10 protein chains.
Amino acid sequence: MSDPSLLETFPSPSSEPFVIEHVAEEFTALCPKTGHPDFGRIILRYGPGDLCVELKSLKLYYQSYRNQGIFYEAVTNRICEDLSAALKPRWLQIVTEWRGRGGIHSRIIATRGEPPPEFKS
Amino acid sequence: MSDPSLLETFPSPSSEPFVIEHVAEEFTALCPKTGHPDFGRIILRYGPGDLCVELKSLKLYYQSYRNQGIFYEAVTNRICEDLSAALKPRWLQIVTEWRGRGGIHSRIIATRGEPPPEFKS
Amino acid sequence: MSDPSLLETFPSPSSEPFVIEHVAEEFTALCPKTGHPDFGRIILRYGPGDLCVELKSLKLYYQSYRNQGIFYEAVTNRICEDLSAALKPRWLQIVTEWRGRGGIHSRIIATRGEPPPEFKS
Amino acid sequence: MSDPSLLETFPSPSSEPFVIEHVAEEFTALCPKTGHPDFGRIILRYGPGDLCVELKSLKLYYQSYRNQGIFYEAVTNRICEDLSAALKPRWLQIVTEWRGRGGIHSRIIATRGEPPPEFKS
Amino acid sequence: MSDPSLLETFPSPSSEPFVIEHVAEEFTALCPKTGHPDFGRIILRYGPGDLCVELKSLKLYYQSYRNQGIFYEAVTNRICEDLSAALKPRWLQIVTEWRGRGGIHSRIIATRGEPPPEFKS
Amino acid sequence: MSDPSLLETFPSPSSEPFVIEHVAEEFTALCPKTGHPDFGRIILRYGPGDLCVELKSLKLYYQSYRNQGIFYEAVTNRICEDLSAALKPRWLQIVTEWRGRGGIHSRIIATRGEPPPEFKS
Amino acid sequence: MSDPSLLETFPSPSSEPFVIEHVAEEFTALCPKTGHPDFGRIILRYGPGDLCVELKSLKLYYQSYRNQGIFYEAVTNRICEDLSAALKPRWLQIVTEWRGRGGIHSRIIATRGEPPPEFKS
Amino acid sequence: MSDPSLLETFPSPSSEPFVIEHVAEEFTALCPKTGHPDFGRIILRYGPGDLCVELKSLKLYYQSYRNQGIFYEAVTNRICEDLSAALKPRWLQIVTEWRGRGGIHSRIIATRGEPPPEFKS
Amino acid sequence: MSDPSLLETFPSPSSEPFVIEHVAEEFTALCPKTGHPDFGRIILRYGPGDLCVELKSLKLYYQSYRNQGIFYEAVTNRICEDLSAALKPRWLQIVTEWRGRGGIHSRIIATRGEPPPEFKS
Amino acid sequence: MSDPSLLETFPSPSSEPFVIEHVAEEFTALCPKTGHPDFGRIILRYGPGDLCVELKSLKLYYQSYRNQGIFYEAVTNRICEDLSAALKPRWLQIVTEWRGRGGIHSRIIATRGEPPPEFKS
C-alpha cells in the first residue's frame with residue numbers, strides 16, 4: 001500500500017521563494033476495476049517553505065503505489081495531500097499524465113496554494 | 001445516434017477544486033453533406049463539482065457518434081452540452097481537432113463556466 | 001482575382017460564445033514585384049455571431065488568390081476584411097505564415113474585435 | 001461489407017518501372033471479438049504494370065471496411081489480395097499501422113512480388 | 001512469475017509469408033539485484049507459420065513479469081524462447097528497450113531464424 | 001504549359017562520380033479531373049555526367065507547371081524524362097511527395113539508371 | 001560596416017493595428033574579441049505605423065553586418081534602434097538567437113514600445 | 001571549488017531595459033551523498049543594469065563546480081546569488097534542468113527581482 | 001585515470017547470438033590541449049560470447065575518464081580495446097558522439113569483429 | 001580565398017580501421033552569380049590512414065571560404081580534394097547541405113574510396 005511515511009525532507013537552502021520541479025517518468029499503479037496496470041508520469045512542482053523533499057525517498061514513496069488499485073483522480077489528490085502534509089510548502093502542484101486505455105489518455109492536476117504566474121501549465 | 005444516456009459518473013475524490021483532462025484520439029463521425037467520414041480528437045477538460053465522468057462510459061458515448069451525420073461546430077457544442085448536463089462541473093471545455101478535408105484542418109473550442117488561468121490553451 | 005462573393009455561411013449551432021479555427025496549409029499567391037509565387041498557410045480564428053463560414057466555400061475563396069499579385073501585408077488585411085464583412089463575428093483573427101524568400105520567413109497577424117484570453121498566440 | 005468492386009484503374013503513364021505510394025491516414029474497422037472500433041493507417045506501395053489505382057476509388061474501397069468486423073492480420077492480407085487482383089502490379093506491399101489497444105500498437109506487412117531495393121523500410 | 005501458458009494463438013489468415021509487429025509500450029519487471037522496478041518496451045516481430053499470437057493473451061503474458069526479478073538480457077531471451085515455442089514462426093525477433101538507470105539506457109535484440117531484408121532496423 | 005526549354009546547364013566541376021540533390025518544397029499543379037490545385041515537393045537526385053542543372057532555371061521549369069492539369073504519376077515521369085534528356089546523367093531519380101486529398105497522401109518515385117547504394121531512399 | 005541607409009519602406013496597407021514578424025535564419029557577424037564568425041537568427045516583430053519595411057532591403061541591411069566585429073548585446077540593440085528610426089512603429093521587438101560558443105548558446109531581446117499581449121514570447 | 005571571482009563584466013550597450021539569456025548545455029557537479037556526477041543545463045536570464053556578464057568568464061565560473069559536491073537546490077540558489085552580486089541586474093533568473101537519477105528528472109528555478117511579463121517560463 | 005579493472009562481467013543468459021546496446025548519455029573527459037571539458041555520449045553495441053558487462057561497473061568505468069585529458073579519437077579506441085579485452089565478444093562497436101566545440105560536433109566509430117547486418121548504423 | 005595549407009594533422013591513435021565524422025553547422029560562402037551569401041553545413045566522414053585532421057585547423061580551413069564566390073557543386077568537390085590530399089585516408093566523404101534559395105534546398109555528396117557498409121547515407 002502507498003506509504004507517506006517513506007517521504008524524507010531536508011532544510012531548504014534559501015529563505016527566498018523559489019521553485020522545484022521533479023518529473024517521475026515511471027509511475028505505475030493498478031486499475032481498481034479491472035486489475036490491469038496503469039502507467040503514467042507524475043510532475044511535482046512546489047515552492048518550498050522550510051523543507052525540501054529528498055529525491056530518493058520521493059522515488060520510494062511513488063514505488064509504494066505499484067500494486068495498489070486506485071483511480072487516476074484519487075491517486076493525484078492523495079499524492080497532493082501526502083506531499084503537502086510532509087513539506088508544508090508555500091504552494092504545491094501535482095500533474096499526473098496517463099498513457100491511456102482504449103484510445104483515451106488523461107491528465108489530472110491538483111493544486112494547493114497559489115503557484116507564481118511564471119510557473120503555470 | 002449519439003446517446004448521452006451512456007455517460008456514467010462517480011463521486012469526486014476531493015472537495016478541493018482540481019482539473020481533469022481526457023484526450024480521445026480516435027473520434028469519427030460522418031459529414032452531413034457528403035456522407036464521408038470525418039476523423040478527429042476530442043479534448044475534454046473540466047473542474048469537477050460532485051461528479052467525475054467514468055472513462056469507459058465516455059468512450060462508449062463518443063463511439064455513439066460513429067455513423068451520425070453532424071458538422072464540426074455542432075458536434076463540439078452538443079458534446080459540451082451533454083457533458084455539462086451530466087457532470088454539473090465548476091467549468092468544462094471541449095476542444096475538437098479535425099484532420100481536415102481539402103488541405104484545411106480545423107479546431108473548435110466550446111467552454112462553459114470559467115477555466116482556471118493555469119489551464120488555458 | 002480574389003473574390004469574396006465565393007464565401008458562403010450557415011447559421012451558428014449555438015448562441016453561446018465559442019471558437020472556430022480553420023488552418024489552410026496550401027495557400028499561394030504571386031509576388032507583385034517579381035511575379036514569383038509565394039506559398040504560405042492561413043489560420044482563421046473567430047468567435048461566431050449568428051453565422052459560420054462554410055468550409056468548401058472558404059477553400060474556393062482562398063484559391064481565388066492563386067494568380068493574383070499581392071504583398072504579404074496586404075493579403076492578410078484583405079482576407080481579414082472580407083471575412084469580417086461576410087461573418088459579422090464577435091471577433092476574428094487572420095494569421096498568415098510564409099515559407100520565405102532569401103532566408104527570411106514571415107508571419108502577419110491581423111485582428112478585429114477582442115479574442116478571448118484562452119485563444120491568444 | 002468491404003467491396004473490391006469499388007476499385008477503379010487508369011493506364012500507367014510510363015512503360016518504365018516506377019514506384020507509387022499512397023498513405024491513408026484514416027482507416028477504421030471493427031474488432032470482431034469486442035465490436036470496438038480499430039483505427040489505423042494503410043500504406044499501399046506498388047510498381048505498376050499496365051494499371052494504376054484511381055485515388056478516389058481507393059478511398060471509397062477503404063471506407064467500405066468501416067462497419068466490418070475483421071482482425072488486423074486478415075484485413076492486411078485481404079487488401080493485399082484485392083489490390084493485387086485489380087492492378088496486376090510488378091510488385092505490391094501493404095503496411096497497416098494500428099493505434100493500439102491496451103498499451104500495444106501493431107504493424108502488419110504483406111508483400112506480393114519483389115519490391116526494388118531502394119523501396120524497403 | 002512469468003507464465004508462457006498465458007499465450008494463446010489463432011490460425012494465420014494467409015499461407016503467404018508476411019510480417020507482424022506488436023509494440024508493447026508498458027513493460028515492467030524488477031531488477032534482481034536492487035529490487036527496483038525496470039521500465040521498458042517490447043517489440044515483437046515475426047513471420048507467422050500456421051499460428052498468430054492473440055493480442056490480449058500477449059498482454060497478459062507480458063504482465064506476468066510485473067513482480068519478477070530478472071535481468072534485461074535474460075528477459076529478452078526468455079520472451080524470445082517462449083514465443084518461438086508457442087508460435088513456431090518462420091522467424092521471430094524480440095527487441096527490448098529500457099528507460100535506463102544512472103544515465104545509461106539499453107536495448108537488447110534476440111532473433112530466431114532469418115528475418116526478411118525489408119524488415120531489419 | 002510545362003516547358004523543358006527553361007532548363008539550363010553548366011559543366012560539372014568534377015570528372016569523378018558524385019551526387020547532387022535538390023529539394024523543391026513548393027511545387028503546385030492542378031488536378032486534371034477537378035481543377036483543384038495539388039501541392040507537393042519534388043526531390044531531384046542525380047549523378048552528373050558532363051552537365052549540372054542550373055538552380056534558378058530548375059525553379060522556373062517547376063513553376064511552368066503551376067496552371068497545368070496533370071496527374072501525380074504523369075508529372076513525376078515527365079519531370080524525370082525532361083531532366084534526363086537535358087542532363088544526360090549517370091543516373092537520375094525524381095521523388096514527388098503530395099500533401100494529399102481526402103485523407104490520403106502520396107509519393108511517386110521514378111528512376112533512370114542505377115543510383116549508388118549509399119543514396120537509396 | 002552595417003548600414004541603416006539600406007533600409008527601404010512602403011506604406012502600410014491598413015490603418016488598423018496589426019503585427020508583422022520577419023525571421024532571418026542566416027545572420028552572421030564577427031566576434032570583436034577573437035575575430036571568429038558568430039551565427040544566429042534575427043526575429044523582427046513590429047506593429048506598423050504608417051510604414052512597413054521592404055523585405056529585400058531588410059535582407060541587405062542584415063548582410064551589411066557580415067564582416068563587422070560586434071557583440072551579441074550590441075548588435076541586438078543597434079538593429080532595434082535602426083529599425084525603430086526607419087519605421088517609427090507603434091512598437092518593435094528584436095530577438096537574436098545565437099548558435100553559441102563553448103557549449104553556451106544565447107538569446108537577446110530588445111523592445112521599444114508596448115507589444116500587444118497576444119504577441120509575447 | 002566554485003569560484004565567483006571568475007566572473008567578469010562589461011558595460012551594457014544600452015540604457016534601455018532589455019533581456020539577455022545564456023543557456024549552458026554542459027554543466028556537471030557531484031552529488032554530495034553518493035559522489036556520482038550530476039549533469040544538467042543552466043539557463044541564465046537577466047535584465048542588465050549597468051553591467052553584462054562576459055561569456056567566457058561565465059563558462060569558467062560554471063566549470064568551477066565540476067568536482068564539487070552540491071545538491072540541485074543549493075547550486076541553483078548559489079549561482080543566482082553569485083550572479084546577482086556580480087551584475088546588480090534589474091532582475092535575474094536561474095533555471096537548472098537535470099538529466100535525472102532513478103527515473104526522476106528535475107528543474108529548479110530561482111528568481112531575484114521582477115522579470116518582464118514577456119519573459120516568463 | 002581511466003581504469004579498465006572497474007569492468008565486471010556476468011555469464012551470458014543464452015548460447016544463441018544476440019545483441020546488447022548500452023547508451024551512456026553523460027560522458028565527460030577533458031581536452032588534452034586546452035583542459036576544457038568535453039561532453040558526449042557513448043554507445044556500446046556487442047554480440048556477447050560467454051560474458052556480458054555488468055551495467056553499474058560500466059558506469060563506473062566511464063566515470064573514471066572524468067578528469068583525464070584525452071582526444072576524441074583516442075578515447076573511442078581505448079574504450080573499444082578495454083571492453084573487447086574484458087568481454088571477448090563475437091563483435092563489438094563503440095560510437096562516441098560529442099556535443100562539439102566552435103560549431104563542429106563529431107562522431108567516432110570503432111568496431112572489432114563483424115556486426116550482424118541488421119545492426120548497422 | 002580558401003586555403004588548404006591551414007589544415008593540420010596528427011597521427012591516428014589506432015592501426016585498426018575506424019570512422020571519424022565531423023559536422024560543421026556554420027559554413028558560409030558567397031554565390032558567384034549574385035554575390036549573396038550561402039549558408040550550409042559540411043559533414044566530413046573518413047576512415048583515417050596514418051593521419052587524423054586536427055579539429056581547430058579544420059574550422060579555420062572552412063572559415064577561409066567565408067568571402068569566396070563558389071558554386072555548391074564546386075565547393076563540395078574542392079573540400080573533398082583538399083582533405084583527401086592532406087589526410088591520404090582509406091576513404092573520405094563530404095556531404096554539404098544548403099539552406100536553400102527560392103524554395104529549393106540542396107545536398108551534394110562527394111566520395112573518394114569505398115566507405116564501409118555501416119557508414120552509408
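Visitor: How many residues of chain B are in contact with chain F?

Guide: Two residues are in contact if their C-beta atoms, placed from the backbone, lie within 7 Å. By that criterion, 4 residues of chain B are in contact with 4 residues of chain F. The side of chain B that touches chain F holds no nonpolar, 2 polar and 2 charged residues. Here Ala, Val, Leu, Ile, Met, Phe, Trp, Tyr, Cys and Pro count as nonpolar, Asp, Glu, Lys and Arg as charged, and the others, Gly among them, as polar. This is a predicted model, in which local features need pLDDT of at least 70, side-chain atom pairs count only at pLDDT 80 or more, and totals for chains, interfaces and linings use all residues. Residues are numbered from 1 along each chain as its sequence is written, while chains are lettered from A and ligands numbered from 1 in the order in which they are written.

Visitor: Which turn lays chain B on chain F?

Guide: Copies are superposed by least squares on the C-alpha atoms of residues with pLDDT of at least 70 in both. For chain B and chain F, a turn of 180° with a shift of 0.0 Å along the axis gives an RMSD of 0.0 Å. The two copies are thus related as by a two-fold rotation axis. Of the interface residues of chain B, 100% are also interface residues in chain F, so the copies meet through the same surface.

Visitor: What rotation superposes chain B on chain A?

Guide: A rotation of 72°, with 0.0 Å of shift along its axis, does so with RMSD 0.0 Å. These two copies are therefore related as by a five-fold rotation axis.

Visitor: Which elements of chain B supply the side that touches chain A?

Guide: Helices (H or I, at least four residues) and strands (E, at least two) are DSSP runs, numbered from the N terminus. The contact takes 18 residues from chain B and 16 residues from chain A. Strand E2 (18-30) and helix H1 (55-63) of chain B each supply at least two residues of that side of chain B, and E2(B) gives the largest share, 9 residues. By class, the side has 10 nonpolar, 3 polar and 5 charged residues.

Visitor: How many bridges join strand E6 of chain A to E2(B)?

Guide: Two strands pair if DSSP finds at least two bridges between them. Strand E6 (residues 104-112) of chain A and E2(B) run antiparallel and are joined by 7 bridges. Within this pairing, Ile108(A) stands opposite Ile20(B).

Visitor: Where is contact absent?

Guide: Chain B and chain G have no contact, their closest C-alpha atoms lying 12 Å apart.
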